[in-house]
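Student: Could you go through this model with me, starting from the overall picture and then moving to details?

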Amino acid sequence: MAQDITSLTGEDYFEGNSPCSYTDALSPDKECEDILELNQFDGLPYSSRFYKLLRERKELPVWRAKCEFMDTLAKGRFVIVSGSANTGRSSQIPQWCAEFCLSVQFQQGMVVCTQTHSQQAVDLALRVADEMDVNIGHEVGYSIPLETCSTNDTVLRYCTDVTLLREMMSDPLLERYGVVVVDQAHQRTVATDVLRGLLKDIALQRPELRVVLLTAVEPGPQQLAHFTGSAAPLIRLESPGAGEVVHSSTGDSYFCSALRLVLEIHRSEEEGDVVVFLVTTQEIDLAHDILCHEGHSLPPDLGELLPVAVHPGQPGNLPITGGEETGLTRRVFLTSSPNEDFFWAASSIRFVIDAGLVKRYVYNPRIRTNSVIIQPISTSQAKSRKQLAGPTGENFKKHFLMQISGSCPVLKNKRSFFRAGKCFCLYPEDRQLPIEIRPHVVESDISSTVLFLKRMEIAGLGHCDFIDRPDPEGLMQALEELDYLAALDDDGNLSEMGIIMSEFPLEPQMAKTLLASCEFDCVSEVVIAAAMLTAPTCFSVPSAELKPEVTQCRMKLQHPEGDHFTLINIYTAFKQCQHDPYCDVEQWCQDLYLDRAALLMADALRAELLDTLKRIELPISPPAFGSRNNTLNIKRALLAGFFMQVARDVDGSGNYFILTHKHVAQIHPLSGYGAKSPKLGLPEWVLFHEHSFSEDNCLRTATHITPEEFVQMAPQYFFYNLPPSESKDILQNILNHGASRYQEEKPPTSPDEAQEDQTSDRCVVQ
């Protein structure tokens with residue numbers, strides 16, 4: 001029987017009297033079969049599956065560093081562990097941290113482990129609960145946006161980094177936790193970098209807190225010294241050997257070369273799944289369609305070729321852990337993600353095809369939109385992708401090079417020729433790759449981050465020590481935007497409006513729109529629009545031959561006032577179909593090429609937003625969608641948040657001049673005003689949700705407004721700061737002479753509305 005580790009104290013660890021962990025003392029080979037070893041976390045006997053998984057766990061490379069890790073964790077506050085995803089770091093180290101907290105009877109709190117993507121947090125929680133032989137949602141749980149599966153008694157919880165940051169708004173010092181594990185720190189997302197900066201401040205106020213950083217890349221001196229000023233303890237994990245690697249220059253034809261390789265691998269009859277790293281979402285979808293089509297023409301004796309599109313950030317698209325296909329089925333994972341950790345549990349992967357490029361969004365604060373950049377992957381990413389393949393094979397380089405050129409001969413003994421553990425790099429070996437991933441915080445829109453950090457100042461965390469500081473121009477633009485939205489007071493601190501805005505899991509502009517809807521009695525409608533725009537797009541892309549037919553079907557849901565109203569129509573029709581016993585929701589979505597998962601996510605987000613409104617006791621008006629007054633009020637609420645995103649058709653042909661930075665763009669073809677939807681004419685003035693500058697220079701989700709409505713809702717100091725233009729002159733003329741006439745033409749329907757129209761402060765939550 002293992003020593004009862006709950007009898008040990010923290011002092012025992014420092015004196016070196018503790019075992020590495022209680023699982024080291026467990027053995028499936030019991031001397032006496034009638035003696036049952038009890039699980040220290042739930043007090044129940046271990047199942048036979050626990051011992052089977054324990055044997056597998058001990059084969060992981062991370063297990064060799066277990067004693068070193070437990071000793072380092074006991075003696076110091078910070079530990080950094082570097083190793084690739086297939087070392088087992090993400091599943092094993094959080095368990096060991098739970099064992100450490102158990103040894104001191106959870107006096108300092110439980111364990112939380114952050115991930116950059118929701119699906120990874122769920123998959124890891126399920127796997128770890130199985131390995132620990134406990135129930136998911138009890139001893140081990142997870143918490144992701146819109147879904148929580150844990151209790152107050154949960155000892156190990158996986159969550160996204162964004163979820164943990166939002167939790168800090170109510171628990172700034174993370175007093176519920178004794179150990180915080182930050183996984184995938186090498187990804188350098190904005191949320192991860194903010195979390196690391198705040199943890200440094202929290203650790204000064206909570207000396208008992210342990211912080212563990214897990215990274216696939218060995219950190220440099222700057223990152224090692226970030227927490228204490230001197231190098232933190234670093235544990236290097238021995239990564240499994242990478243598969244045999246062959247480089248080849250394909251130029252711009254990497255896409256076709258990758259698909260040819262997939263088909264040749266499948267014809268080789270060698271066992272193993274394939275991961276293909278492409279660049280864009282469009283390439284993933286196109287590759288999926290091509291492989292599905294080609295798979296039907298392959299001989300049946302080769303088995304099924306099953307392409308799987310993996311779109312990061314979208315639900316239900318990641319590889320299913322522990323669910324590898326058996327028999328003759330070969331899965332081909334198609335992804336554009338820079339994150340190799342998606343495939344930590346897909347142990348059947350034997351082939352990796354890497355285009356060597358990655359798509360990044362770089363925010364331009366001057367035009368308030370993202371630019372798309374295609375650039376080579378970093379050295380660390382290239383290394384991680386190579387390690388996804390298993391043990392090395394031999395004697396395939398010549399065949400690979402011939403396959404790239406399209407002159408591949410038929411192999412007589414393919415099974416012996418192709419072996420597991422092969423990485424095909426579709427770029428020359430001498431290509432100069434960046435050493436590190438560029439931090440997202442220096443090239444992203446950080447308005448939401450600044451709003452959050454301002455909120456943390458109120459909670460007593462007045463400083464976030466970034467490893468790499470945000471771009472100064474981007475920081476100034478974020479502060480300016482929050483000032484325009486009335487989220488800051490005259491001293492630059494968070495205003496009452498800003499405090500309420502920070503309560504919502506929305507971008508600042510959308511949060512301001514939602515608050516304005518409380519004043520204009522259109523909450524029920526605006527909360528739907530906010531949920532639909534925050535969730536992934538509900539529109540699926542049909543094939544080219546079906547586009548006219550799908551466009552015609554969707555026209556019955558179009559609203560004459562614009563795309564924001566169309567989204568409300570779609571959601572309303574979706575809910576009506578859900579409640580209709582004779583309506584097949586799945587078929588309804590398929591007929592209109594709508595994404596059912598995205599609509600369900602929007603429904604869950606709407607419920608969360610309504611709960612937040614009720615919690616902070618804001619008024620929720622009854623539905624009135626379709627009335628003239630309601631339509632006007634929805635536009636007012638939208639303008640209260642998105643007055644910085646207004647454009648005017650300057651020549652009557654669809655060339656829209658954006659007021660804030662004088663760029664010209666067109667409305668997206670699939671918009672209600674677009675070229676492929678001729679039902680609505682082109683409005684002169686529009687409010688838009690997004691400007692896809694680099695992709696197609698289009699305004700997405702546009703709604704018709706009048707210049708009078710814009711003048712009424714936009715803050716005057718924002719208007720005066722607009723660059724000179726003909727459009728500004730038109731607005732100035734309306735401001736000087738036409739506002740009173742506009743008021744007479746559209747009289748308020750109540751004394752309260754009359755009073756709010758006369759005030760210069762256009763949108764203030766009372």
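Tutor: We can take the chain as a whole, then a sheet, the cysteines and the nonpolar cores.

Tutor: This is a predicted model, in which local features need pLDDT of at least 70 and side-chain atom pairs count only at pLDDT 80 or more, while totals for chains, interfaces and linings use all residues. Residues are numbered from 1 along each chain as its sequence is written, and side-chain values use heavy atoms, with hydrogens and water left out.

Student: How many helices and strands does the protein chain have?

Tutor: The protein chain has 28 helices and 21 strands, where helices (H or I, at least four residues) and strands (E, at least two) are DSSP runs numbered from the N terminus.

Student: And what share of the residues is buried?

Tutor: Of the 766 residues in the protein chain, 56% are buried; buried means under 20% relative accessible area, exposed means over 50%, and partly exposed lies in between, with a 1.4 Å probe and protein chains only. The accessible surface of the chain comes to about 32900 Å², and carbon and sulfur atoms hold 50% of that surface, with areas computed by the Shrake-Rupley method with a 1.4 Å probe.

Student: OK, the sheet. What is the strand order in the open sheet of 6 strands?

Tutor: The order is 9-16-13-10-12-11, with parallel pairing, and two strands pair if DSSP finds at least two bridges between them. Strand 9 (244-247) and strand 11 (305-310) are the edge strands, each pairing on one side only. Neighbouring strands are turned by 15° against each other on average, direction ignored, with axes taken as lines fitted to C-alpha atoms, for helices over the stretch in contact, and angles running from 0 to 180 degrees between N-to-C directions.

Student: Over how many bridges do strand 10 and strand 13 pair?

Tutor: Strand 10 (residues 273-277) and strand 13 (residues 349-354) pair over 5 bridges in the parallel sense, and valine 274 stands opposite phenylalanine 351 in strand 13.

Student: Which strands does helix 12 touch?

Tutor: Helix 12 (residues 379-388) packs on the sheet and touches strands 9, 10, 13 and 16, where contact means heavy atoms within 4.5 Å; its direction makes about 145° with that of strand 13. Helix 11 (residues 281-296) lies across strand 11 and strand 12 (330-335), at about 170° to strand 11.

Student: Switching topic, how many disulfides are there?

Tutor: A search of the whole structure finds 1 disulfide, a disulfide being a pair of cysteine sulfur atoms within 2.5 Å. It joins cysteine 577 to cysteine 583, with S to S at 1.8 Å, and the link is left-handed, with -75° about the S-S bond.

Student: Are those two cysteines buried or exposed, or in between?

Tutor: Cysteine 577 counts as buried because its relative accessibility is 4%, whereas cysteine 583, at 25%, counts as partly exposed.

Student: Why is cysteine 518 not bonded to cysteine 522?

Tutor: The sulfur of cysteine 522 is the closest cysteine sulfur to that of cysteine 518, but at 8.6 Å it is too far for a bond.

Student: Last one: which residues have the most contacts inside the largest nonpolar core?

Tutor: They are Leu198, Leu199, Phe504, Trp588 and Phe710, in a core of 117 residues; a nonpolar core is a set of buried Ala, Val, Leu, Ile, Met, Phe, Trp, Tyr and Cys residues joined through side-chain atoms within 4.5 Å. Helix 19 (residues 523-534) gives the largest share of this core, 9 residues. A second, separate core of 43 residues includes Phe50, Phe69, Ile144 and Leu214.
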